[in-house]
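Please take a moment with the sequence and the model before reading on. The paragraphs below go from the pairing of strands to the overall layout, and then to single residues.

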Amino acid sequence: MTHLSTYTCSVCNKEKQITKDWRTGCIESPDGEKICFDCCGAIEADELHHLDFDTTLCMHVKQVNEREIYITNWPETLKIPVAGYILGKYNFIGRRADYYFKFRGNCYKAKKVGDTSMAHVRRIKAIPEHFN
Ligand SMILES: [Zn+2]
């Protein structure tokens with residue numbers, strides 16, 4: 001692993017190294033502040049926890065195998081197991097899938113359309129009973 005440079009995370013104030021391994025990198029906010037991926041995970045976890053019913057959050061679906069599917073943020077510092085999913089029909093943009101999961105006692109649905117790993121997450125009142 002090659003260390004390219006260091007930066008100080010503006011959330012946790014820890015000195016972090018920017019390496020070629022993208023998992024130890026950071027994101028930069030519009031005003032130039034650098035936030036490490038661990039803090040991104042914590043921020044996104046909070047954002048998800050406080051998500052309004054009429055707001056969507058963009059997250060990712062990571063499918064390890066048939067039974068192991070996770071909802072993640074981009075660097076995968078936040079990883080939530082999916083309780084169940086429903087595959088929709090194919091349409092002109094591809095297959096649609098709805099993933100249901102619980103996080104800190106709240107219920108969510110992640111809608112994924114097409115071959116991308118991106119999914120739009122919405123908070124819902126309850127996940128389908130057979131997924132509980
Ligand atoms: Zn940090």
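Two strands are said to pair if DSSP finds at least two bridges between them. In this predicted model, S10 and S11 pair in the antiparallel sense, with five bridges between them. One of these pairings sets Tyr-108 against its bridge partner Arg-123 in S11. The two strands form a hairpin with four residues between them, and there Gly-114 takes a positive phi near 85 degrees. On its other side in sequence, S10 is joined to S9 by eight bridges, and these two strands also run antiparallel. Here Arg-96 stands opposite Val-113 in S10. S9 and S10 form a hairpin with two residues between them, where Arg-104 in the turn has a positive phi of about 45 degrees.

With these strands in view, the whole chain can be laid out. The protein chain has one helix and 11 strands, and read along the sequence it follows the pattern β-β-β-β-α-β-β-β-β-β-β-β. Of its 132 residues, 18% count as buried. Among the contacts with a separation of 6 or more, 35% are accounted for by residues 24 or more positions apart. The mean pLDDT of the chain is 87, and 88% of its residues reach 70 or more. Among the elements, strand S3 (residues 26-28) has the lowest mean pLDDT, at 73, whereas S7 has the highest, at 97.

The helix, H1, covers residues 37-49, and its length can be checked by a short piece of reasoning: at 1.5 Å a residue its 13 residues should span 18 Å, and because its end C-alpha atoms are 18 Å apart, the two values agree. The buried residues of H1 are Phe-37, Cys-39, Cys-40 and Leu-48.

Earlier in the sequence than the antiparallel strands described above, a further run of strands is linked in a similar manner. S5 and S6 pair in the antiparallel sense over four bridges, with Val-61 having Ile-71 as its bridge partner in S6, and the two strands form a hairpin with five residues between them. S6 is in turn joined to S7 by three bridges, again running antiparallel, and Thr-72 stands opposite Lys-79 in S7. The hairpin of S6 and S7 has six residues between the strands.

Which residues of S6 are buried, and which are not? The side chains alternate along this strand, so that Ile-69 and Ile-71 point to one face and are buried, while Tyr-70 and Thr-72 point to the other and are not. Ile-69 counts as buried because 20 other C-beta atoms lie within 10 Å, and a residue needs 20 or more to be placed in that class. Leaving aside neighbours within four places in sequence, Ile-69 is in contact with Val-61, Gln-63, Val-64, Val-82, Tyr-85 and Tyr-99. Ile-69 and Ile-80 are 11 residues apart in sequence, and their C-alpha atoms are 8.5 Å apart in space.

Nonpolar side chains tend to be buried together in soluble globular proteins. In this model the largest nonpolar core has 15 residues, and those with the most contacts inside it are Ile-71, Tyr-99, Phe-101, Ala-110 and Val-121. Strands S5, S6, S9, S10 and S11 each supply at least two residues of this core, and S9 gives the most, with three residues. Val-121, leaving aside its neighbours within four places in sequence, is in contact with Leu-48, Thr-56, Leu-57, Met-59, Ile-71, Tyr-108 and Ala-110.

Other residues lie in less crowded surroundings. Ile-86, in strand S8 (residues 84-91), is exposed because 12 other C-beta atoms lie within 10 Å. The C-alpha atoms of Ile-86 and Ala-97, 11 residues apart along the chain, are separated by 5.7 Å.

Most residues other than glycine have a negative phi. Against that background, two loop residues deserve a look. Asn-13 lies in the loop between strand S1 (3-8) and strand S2 (15-19), has a positive phi near 60 degrees, and is exposed, with 8 other C-beta atoms within 10 Å. Glu-76, in the loop between S6 and S7, has a positive phi near 65 degrees and counts as partly exposed, with 13 C-beta neighbours inside 10 Å.

Terms used:
Residues are numbered from 1 along each chain as its sequence is written. This is a predicted model: local features need pLDDT of at least 70, side-chain atom pairs count only at pLDDT 80 or more; totals for chains, interfaces and linings use all residues. A nonpolar core is a set of buried Ala, Val, Leu, Ile, Met, Phe, Trp, Tyr and Cys residues joined through C-beta atoms within 7 Å. Two residues are in contact if their C-beta atoms, placed from the backbone, lie within 7 Å. The expected span of a helix is 1.5 Å times one less than its number of residues. pLDDT is the predictor's confidence in each residue, from 0 to 100.
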